[in-house]
Amino acid sequence: MGLEEKLPSGFILSTVEQVAGWARKNSVWPATFGLACCAIELMAAGGPKHDLARFGMERASASPRQADLMIVAGRLSQKMAPILRQIYDQMAEPKWVIAMGVCASSGGMFNNYAIVQGVDHVVPVDIYLPGCPPRPEMLLDAIVKLHDKIQNMKFGVHRERQIEELERRALNPLPLVDDRGAVR
């Protein structure tokens with residue numbers, strides 16, 4: 001994409017990776033997607049007690065084209081799933097997703113036809129945040145872990161292929177029951 005793609009791998013590239021990782025880590029703009037009760041805890045994390053601004057995230061983007069982090073807070077209905085995917089597709093690369101709450105992570109207590117059993121069936125998720133609802137401190141911890149992931153992200157000509165592989169692997173559902181020992 002930029003200068004880092006043109007440089008050969010070596011000492012200079014590692015320095016560019018470190019500087020670019022530091023800049024990306026400190027300039028994450030979230031696109032909040034508050035769907036249920038977890039959204040209240042998400043709003044509390046932006047308040048004065050927890051202060052998301054110290055992570056450079058004080059600007060919650062209402063436009064997906066200017067955001068690079070989607071925080072899905074709450075249960076996702078089947079009706080809302082295509083809209084979530086459309087907003088995710090409109091976000092600029094590189095982009096990350098945090099599934100906030102047990103409902104966003106696995107469907108929670110809503111095991112029925114109307115609720116998607118995990119946001120990872122719709123978009124690839126980078127960080128799963130458990131809890132019902134998770135505390136703002138847990139969200140801050142997830143953001144710090146995501147910052148570490150962003151800081152250590154590699155650049156180079158194979159980056160796009162690696163992202164596609166990670167997205168394909170994240171969207172590939174695993175079997176819920178292992179039937180290796182079943183009698184046939």
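The following paragraphs describe the fold, two of the helices, the largest pocket and selected local features of a predicted model.

The protein chain contains seven helices and four strands. Read from the N terminus, these elements follow the order α-α-β-α-β-α-β-α-β-α-α. Of the 184 residues in the protein chain, 39% are buried.

Helix α6 spans residues 136-151 and comprises 16 residues. The distance from its first C-alpha to its last is 22 Å, close to the 22 Å expected at 1.5 Å a residue. The buried residues of α6 are P136, L139, L140, A142, I143, L146, H147 and I150. Viewed down the axis of α6, these buried residues fall within an arc of 160°, so they line one face of the helix.

A corresponding description applies to helix α3, which covers residues 38-45. Here C38, A39, E41, L42 and A45 are buried. Down the axis of α3 the buried residues fall within an arc of 155°, and they therefore line one face of the helix. I40 and M43, on the other side of α3, are exposed. For I40, the relative accessible area is 54%; this value is over the 50% cut-off, so I40 is classed as exposed. I40 is also separated by 95 residues along the chain from R135, while the C-alpha atoms of the two residues are 9.8 Å apart.

R135 also figures in a second pair that is distant in sequence, with M100 as the partner. M100 and R135 are 35 residues apart in sequence, and the distance between their C-alpha atoms is 9.9 Å. M100 is located in strand β3. With a relative accessibility of 0%, M100 counts as buried.

The largest pocket has a volume of about 700 Å³. Its lining consists of 28 residues, of which P124, V125, D126, L166 and A170 are the closest to the pocket centre. Two elements, β3 (96-100) and α7 (159-171), each give two or more residues to the lining. The greatest contribution is that of α7, which supplies eight residues. By residue class, the lining of the largest pocket divides into 15 nonpolar, nine charged and four polar residues.

Helix α5 (residues 102-106) includes S105. The relative accessible area of S105 is 17%; this is under the 20% cut-off, so S105 is classed as buried. A polar atom of the S105 side chain lies 3.0 Å from the backbone oxygen of G101. The loop between α5 and β4 contains I115, which counts as buried at 9% relative accessibility. I115 and C103 are twelve residues apart along the chain, and their C-alpha atoms are separated by 8.7 Å.

Two cis peptide bonds are described here. One joins E93 and P94, with omega at about -10°. P94 is situated in the loop between α4 (81-90) and β3. Another joins C132 and P133, with omega at about -15°. P133 belongs to the loop between β4 (127-129) and α6.

A further backbone feature concerns D51, a residue other than glycine with a positive phi, near 55°. D51 occurs in the loop that lies between α3 and β2 (69-73). The relative accessibility of D51 is 31%. Because this value falls between the cut-offs of 20% for buried and 50% for exposed residues, D51 counts as partly exposed.

In summary, the buried residues of α6 line one face of that helix, and those of α3 likewise line one face of theirs. The largest pocket receives eight lining residues from α7, the element that gives the most. R135 is separated by 9.8 Å from I40 and by 9.9 Å from M100, C-alpha to C-alpha. I40 is exposed, whereas M100 is buried. The cis peptide bonds described above precede P94 and P133, and the positive phi value belongs to D51.

Note on methods: Residues are numbered from 1 along each chain as its sequence is written. This is a predicted model: local features need pLDDT of at least 70, side-chain atom pairs count only at pLDDT 80 or more; totals for chains, interfaces and linings use all residues. Side-chain values use heavy atoms; hydrogens and water are left out. The expected span of a helix is 1.5 Å times one less than its number of residues. Buried means under 20% relative accessible area, exposed over 50%, partly exposed in between (1.4 Å probe, protein chains only). The arc is that of the directions from the helix axis to the C-beta atoms. On a 1 Å grid over the protein atoms alone, a cavity is a set of points where a 1.4 Å probe fits but cannot get out, and a pocket is an open set with protein on both sides within 12 Å along at least five of seven lines; lining residues have an atom within 4 Å of a point. Grid points are joined across faces, edges and corners, and a volume is the space filled by probe spheres set on the points. Ala, Val, Leu, Ile, Met, Phe, Trp, Tyr, Cys and Pro count as nonpolar, Asp, Glu, Lys and Arg as charged, and the others, Gly among them, as polar. A polar contact is a pair of N or O atoms within 3.5 Å; within protein, one must be able to donate a hydrogen and the other to accept it, and residues adjacent in sequence count only if both atoms are side-chain atoms.
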